[in-house]
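Could you walk me through this structure in plain language? I'm new to this and would like a guided tour.

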Amino acid sequence: MKKKVSEHPYTIETRLIHGEAYTKKWDYNHHVVPPISSSSTFRLDSTQRGAKGFVEFAHADRDLSVFSRAPIYIYDRLGEPNKDILEENLATAENGEAAVTFSSGMAAIAAVFGILTGSGDEIVAHWMLYGSTYSLVKNWFPRYRIGIHWVDFLDPDCLRRRLTPRTKVVYFESPVNPSMQVIDIEKIVEVVKAENRKRPPKNRMSLVIDNTFATPFCQRPLEMGVDFVVHSLTKGICGYGTDMGGAIITARKHYDHLLQYRKDFGGVLAPKSAWPILVYGLPSLPVRMKRQQATALEVAKFLRTDRRIESVHYPGLDTFPYYPIAKKQMHDYEGNFAPGSLLYFTLKGKDPGTRQHKAERLINFLAKNAYAITLAVSLGNVRTLVEHPSSMTHSTIPVEKQLQRGVDPGGIRLSVGLEDPDDIITDLSTGLGRLD
Ligand SMILES: *Cc1c(COP(=O)(O)O)cnc(C)c1O
């Protein structure tokens, strides 16, 4: 048997293709590509083996050797090879100890709150979040007597002042969707650590970041002291827009708790969705991101020169106010600046209504006439996608609050794909020309 690959000095980019190479999660060592597992239940050979499987499930804390042995698979909802191998590779990608996958990004986000909060606890979150996360916390958690405080994390002092002895989770996204504002992760970590030092271990807060926008290629928050990273695998990690999924990456000590939660709430990632993410998505993430972010910079520079545009928000643009923070914390596996493939720009106009009208005209023109740009929500796709956050993804947030929190009715979000940069620019330029 070869050595575990993690003992070799190979780069993460190579490891995202080969994984553990001789993983114990799968019996068929001679397959180069892991087969799609399509069995909801597993033969157990004897009651003793069945009993051992149940004892070992979600009890890796008792016996760490569980991680290095072939698991006893019992039933898909508890674990099966495809998502288990994907989880090993996701942990590698985020430089974390353990990963647990879910049926969607929202299932993963609900799970992280699920294991960290109970009745009477409070969450402090950045005041601009992904639409469904905002709705989950605002509309559902009050039923369970879980409180929420919205704070502007761009000012870490605001966060410090809002923490109470009941705060159990501090939650944010960076770059912020859709404004692309960059929150200083190190500063948020400092605030949380300082407060935790005053608390007994069992009452400590956890810091959670949604890293979907950056992807682990551009940013690895666990290395900066964040406790939990959540992802919608549906976006940049899957990359091809074929499957939904979610994941939590964290320290090994939380692994069992997450598996138990997933077993009982049931939001498991289907093996048929884990497989394309494992075989196509994650191995190609670095090469896709390198090309997409180079194109995003070209597109951002083009947009900056257009007289109909008020502002271009891209962390890689040196005129963007958050460029210095992005430069500090967004790096690829080799340490190069990695500002990602998403950008946001706003159109000029004297009032919000005029700007909204212009954004709708531009997007509707692109929807009908552009070849390289598609009107669709989602992001991180190999196809360039455009959308109007104010009326679509962020419509659950009232317009006055949107304006205050960095979303403009004349704002347009662009997720840059793998097309030729000139073709994307041609479509944008034709559309902008129609605004005169
Ligand atoms: C899409 C998305 C989610 C939700 O993920 P689903 O896979 O659609 O459930 C959460 N956070 C961010 C930032 C997203 O873009």
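The domain assignment splits the chain into domain 1, residues 9-281, and domain 2, residues 286-433. Keep in mind that you're looking at a predicted model. Taken over C-alpha atoms, the centres of domain 1 and domain 2 are separated by 28 Å. How many residues of domain 1 are in contact with domain 2? There are 40 of them, and they touch 37 residues of domain 2.

Now find Gly340, in the loop between helix H11 (323-329) and strand S9 (342-347). Is Gly340 buried or exposed? Its relative accessibility is 3%, and since anything under 20% is called buried, Gly340 counts as buried. Look at what surrounds this glycine: leaving aside neighbours within four places in sequence, Gly340 is in contact with Cys218, Met289, Gln293, Ala296 and Tyr314. You can also pick out Leu259, which is 81 residues away from Gly340 along the chain. The C-alpha atoms of these two residues are separated by 31 Å.

Next, head for the ligand. It has 13 residues around it, and the ones that come nearest are Gly105, Asp210, Ser232, Thr234 and Lys235. Try zooming in on three of those. A polar side-chain atom of Asp210 sits 2.6 Å from a nitrogen atom of the ligand. Thr234 has a side-chain N or O atom 2.7 Å from an oxygen atom of the ligand. For Lys235, too, a side-chain N or O atom is 2.7 Å from a ligand oxygen. How much of the ligand does the protein bury? On its own the ligand exposes 380 Å², and the protein buries 95% of that. As for what the shell is made of, it divides into five nonpolar, six polar and two charged residues. Helix H4, residues 105-116, gives the most to this shell, with three residues.

Follow the chain past H4 and you'll come to Thr117, in the loop between H4 and strand S2 (122-126). Thr117 is buried, because its relative accessible area is 14% and the cut-off for buried is under 20%. A polar atom of the Thr117 side chain lies 2.6 Å from the backbone oxygen of Phe113. Not counting neighbours within four places in sequence, Thr117 is also in contact with Ile123, Ile146, Lys168 and Val169.

Time for some backbone oddities. Most residues other than glycine have a negative phi, and most peptide bonds are trans. With that in mind, which bond joins Ser174 and Pro175? A cis peptide bond, with omega at about -5°. Pro175 lies in the loop between strand S4 (167-173) and helix H7 (185-197). Pro178 has its place in the loop between S4 and H7 as well, and the peptide bond from Asn177 to Pro178 is cis, with omega near 0°.

What about phi? Asp45 has a positive value, near 70°, and it isn't a glycine. You'll find Asp45 in the loop between helix H1 (12-18) and helix H2 (47-56). With a relative accessible area of 67%, Asp45 is exposed, because the cut-off for that is over 50%. Arg145 has a positive phi too, near 60°. Arg145 is found in the loop between helix H5 (131-140) and strand S3 (147-151). Its relative accessible area is 61%, so Arg145 is exposed.

Finish the tour at helix H9, residues 255-265, where you'll find Arg262. Is Arg262 buried or exposed? Its relative accessible area is 1%, so Arg262 is buried. Beyond residues up to four places away in sequence, Arg262 touches a whole list of others: Arg77, Leu78, Lys83, Glu87, Val100, Thr101, Phe102, Gly267 and Val268. Lys263 is in H9 too. Its relative accessible area is 25%, which falls between the cut-offs of 20% and 50%, so Lys263 is partly exposed. Leaving aside neighbours within four places in sequence, Lys263 is in contact with Phe57, Arg77 and Leu78. Finally, compare sequence with space: Lys263 and Gly79 are 184 residues apart in sequence, and their C-alpha atoms are 8.9 Å apart.

Note on methods
Residues numbered from 1 in each chain as written. Predicted model: local features only at pLDDT ≥ 70, side-chain atom pairs only at ≥ 80, totals over all residues. Heavy atoms only, no water. Near = heavy atom within 4 Å. Polar contact = N/O pair within 3.5 Å; in protein donor to acceptor, adjacent residues only side chain to side chain. Areas by Shrake-Rupley, 256 points an atom, 1.4 Å probe, with all protein chains shown as cover. Helix = DSSP H or I, 4+ residues; strand = E, 2+ residues; numbered from the N terminus. Nonpolar A, V, L, I, M, F, W, Y, C, P; charged D, E, K, R; others polar. Buried < 20%, exposed > 50% of the residue type's maximum accessible area, 1.4 Å probe, protein only. Contact = heavy atoms within 4.5 Å. Domains from an automatic or database assignment.
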